[in-house]
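Reader: Could you take me on a close look at one part of this structure? I would enjoy a connected account that starts from a single spot and then works outwards.

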Amino acid sequence: MSAGAGAGVGANTDAAAGTAADAGAPTAGRDESAAGRHDPAPARVAPLRRVNPVTLLVIAVILSVPMLATLDPVSAGVAVALELALVPATGVPWRTLGRRLVPVVVFIPVAALSMLLYGTPGGQEYWHFGIAVVTENSVNQSVAISVRVLALGLPTILLFSGVDPTRLADGLAQVARLPSRFVIGALAGVRMMSLFVDDWRSMTLARRARGLGDHGVLRRSLSMAFVLLVFAVRRGTKLATAMEARGFGAFPTRSWARSSRLGVADPVAVAVALAIMAVSLGASIALGTFRFVGS
Amino acid sequence: MASGARVTVEGWGWRHAGRRLPAVSDLDLTIEPGQRVLLVGASGAGKSTTLAGIAGLLGGSDEGDQTGRILVDGRPPELQRGRIGMVLQDPDAQLVMSTVGDDAAFGCENLGLPREEIWARVRRGLAQVGLELGLDHPTTRLSGGQKQRLALAGVLAMGPGLIILDEPTANLDPDGIAEVRAAVEHVLEVTGATLIVVEHRTTVWSGLVDRVVALGVGGEGVVADGPPARVFAEDGAALEAAGLWIPGSVSPCPRADAVDLGGPALRLDDLAVARERRGPVVRSGITRSVRFGEAVGITGANGTGKSTLALTLAGLLPEAAGAVLASDELRAGAGPRPSRWRSTQLLTRIGTVFQDPEHQFVTSRVRDELAVGLRALAIDRVRVDERVDELLARLRLDALADANPFTLSGGQKRRLSVATLLATSPRIIVLDEPTFGQDRRSWGDLVTLLQQMRAEGGTIVSVTHDAEYLQALGDTVWHLGSVSERSAA
């Protein structure tokens, strides 16, 4: 690990990066300041990647709760604009961001349309059919909800793209002090997901081989999901045995091979998040568009 | 480094909760520090239960009833976790973390060791098993043999005095087996730890252990005990009958008589294969052909694309480039490319047996399982029943007709997975590692069955690492890696 990148700021290099570290090399990679991930750090680590994953959870709450509390396009619009301006500091490449935003963007028209037709009627009425009424009010709400979906989706993607589950687990156990049994169990479960993907693929091919591949995708998927559940229970049992064989749960205290701490980057990141919310809500109040949900 | 642990088993027995009969009863066994023991016995002899008992993994009284006692260095194994290290059969089931370093460190963390100490031990453990890929190497990118060595390294880092291996090489290719064996040998020399290993293919370990202990079925306890050479000489026949391969074992199914090959069945034309649609190509430029009646064996190291080639050839995966072309005789009215056939068209033309039989079970009764393909072909009820009865009898599954396929033994599952495919009489059968993890008896059952099909004119394409299997069912060997074809005659 290069000096500087990790020192003093907690659990900190992007673990997704390298595979080339040499186990035999005399590095200081396991000491406190190096924070435990082993690859030589890339020359520049994005500022957000120096923030402890637990802090990222807190930031996610800061950035989303106010967005749920008000329903106006200005606050959400300002928040989205500020967050986009900060993309370079998150280390998430624009292309990755674009790809991950696709589901969010797909969801927007669904939310917008239902608001448009069934939002609280008010102001001028433009069109109606049965209980569906398009009014001035519902148009405004529809626009507001579209921006809001983006304002909720964008920070989640930016905060958690490339967060290593292992680092998150280290943080939850050492910083948030959650019970290690729970944290390690969940982590091991996440790791098993790739096995389930392989299981699913093999089962799909096997159904084709057995003459069941032509019809009934839905029914087939349901029955495969059931078998996958059986596999999951069985794999889980085996894994639990393997973990127990390595002393998991046998001793009252457990140590951690990787340290996870809070550093300078953490309060800074929280402050930035609070500032984003202050500015966006402030703008909305100043322009008189601020409105509590339900008021 | 810790020295070897002593294991004493005194009148020990274990009955799993809810079972009528004990898995093990009245077992007496003493293993001296530093001894290397190969534990053998037929399936049902309670080897795995005994290992789990010695490792302290059977759980408390709600998991079963214990009689007698087991001591490791004079204390119950549950209190000796750090002294006992165990490696299990399934390489995928025992990886806990996502990188090599983190996984090797997991046991030490549980022991509560200080951080500097953990990483020093992890480095040493990985060096001892020869796995120096870097601490950040993802565990998903390891081969089976590497995964088993990693599990061993994680155990070693804990500094155990007793190493327990439960069929550590049953799921590995020959390279992986050699890697794991060499790693174990080195580790024992360096640490002086006591070893207990269970394996059907005893030849792998016979040169390394200094004692063989054979367990009998039905609570007979230890039926043979002594140096490998003596036990194999005196009790060899009984051990073979119990399903073991012992050094010098002759294959239960010798090479079948040559059959006359028929016309062309499949042609691979400059084929490239990929595990997923539009995924990365794992192998390309394959030009080969298969004739009716031929038995083709596909071999080669891990990651050379054997299984992917087999699944593509079987019409289950689309070709990444080039084509798999069926001859007119095989097509019998269907299109030229098996990958474009409907699922029901495959049934009577090309059948596939998957590496894990459970992946292909779709019902909850053995009888229904055999009928699936026939029903998909819309064959009338009476004839389906006749055919199913015939298959049940032929494959000795009749007593299990109403059992749930998922509850069968490994050998039975394998037989059933082959039987389901025989039901619709495909002209070509493709098998992916059919003999992985099978003991000698179920191995013999399977190979005999395939040889019978062969004699009846069936065409068989198998992905395998198994030399004896290739002897019995590989007229033509496709060795991926060098991509050279040779006759195995």
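Over how many bridges do strand E1 (residues 7-16) of chain B and E4(B) pair, and in which sense?

Author: Happy to, and please keep in mind throughout that this is a predicted model. E1(B) and E4(B) pair over eight bridges, in the antiparallel sense. One of the residue pairs to look for is B:His16 with B:Gly64, its bridge partner in E4(B).

Now widen the view a little. The two strands belong to an open sheet of three strands in chain B, with the order E2-E1-E4 and antiparallel pairing. Strand E2 (24-31) and E4 of chain B are the edge strands, each with a single partner strand, so one side of each has no neighbour in the sheet. From one strand to the next, the twist averages 20 degrees. Helix H1 (residues 47-55) of chain B packs on this sheet and touches E1, E2 and E4 of chain B. The direction of that helix makes about 120 degrees with the direction of E1(B).

Follow the chain onwards from the edge strand and you come to a backbone detail that deserves a pause. B:Asp73 sits in the loop between strand E4 (64-72) and strand E5 (84-87) of chain B. Its phi is near 50 degrees, a positive value in a residue other than glycine. That catches the eye because most residues other than glycine have a negative phi. As for its surroundings, B:Asp73 has 19 other C-beta atoms within 10 Å and is therefore partly exposed, since a buried residue would need 20 or more.

A second case is found in another loop of chain B. B:Ala378 lies between helix H11 (366-376) and helix H12 (381-394) of chain B. Although B:Ala378 is not a glycine, it has a positive phi of about 60 degrees. With 8 other C-beta atoms within 10 Å, B:Ala378 is exposed.

Those loops can be placed in the wider layout of the chain. The domain assignment of chain B gives domain 1 (7-241) and domain 2 (264-487). The C-alpha centres of these two domains of chain B lie 34 Å apart. Where the domains meet, 10 residues of domain 1 of chain B are in contact with nine residues of domain 2 of chain B. The domain 1 side of that contact has two nonpolar, five polar and three charged residues.

From here we can step across to the other chain. The contact between the chains takes 49 residues from chain A and 61 residues from chain B. On the side of chain A that touches chain B, helix H7 (180-209) and helix H8 (217-245) of chain A each supply at least two residues. H7(A) gives the most to this side, with 12 residues. By class, the chain A side has 20 nonpolar, 15 polar and 14 charged residues.

Let us finish with a helix pair within chain A. Helix H1 (residues 53-69) and helix H5 (residues 136-160) of chain A pack at an angle of about 175 degrees, and their axes are 10 Å apart. H1(A) and H5(A) are therefore roughly antiparallel to each other. Among the residues that meet are A:Leu56, A:Ile59, A:Leu63 and A:Met67 in H1(A), and A:Leu152, A:Pro155, A:Leu159 and A:Phe160 in H5(A). By class, this contact has 10 nonpolar, two polar and one charged residues.

Definitions and conventions:
Residues numbered from 1 in each chain as written. Chains lettered and ligands numbered in written order. Predicted model: local features only at pLDDT ≥ 70, side-chain atom pairs only at ≥ 80, totals over all residues. Contact = placed C-beta atoms within 7 Å. Helix = DSSP H or I, 4+ residues; strand = E, 2+ residues; numbered from the N terminus. Nonpolar A, V, L, I, M, F, W, Y, C, P; charged D, E, K, R; others polar. Buried ≥ 20, exposed ≤ 12 C-beta atoms within 10 Å, placed from the backbone. Domains from an automatic or database assignment. Axes fitted to C-alpha atoms, helices over the stretch in contact; angles between N-to-C directions. Parallel < 35°, antiparallel > 145°, perpendicular 65-115°, else oblique. Pairing = 2+ DSSP bridges.
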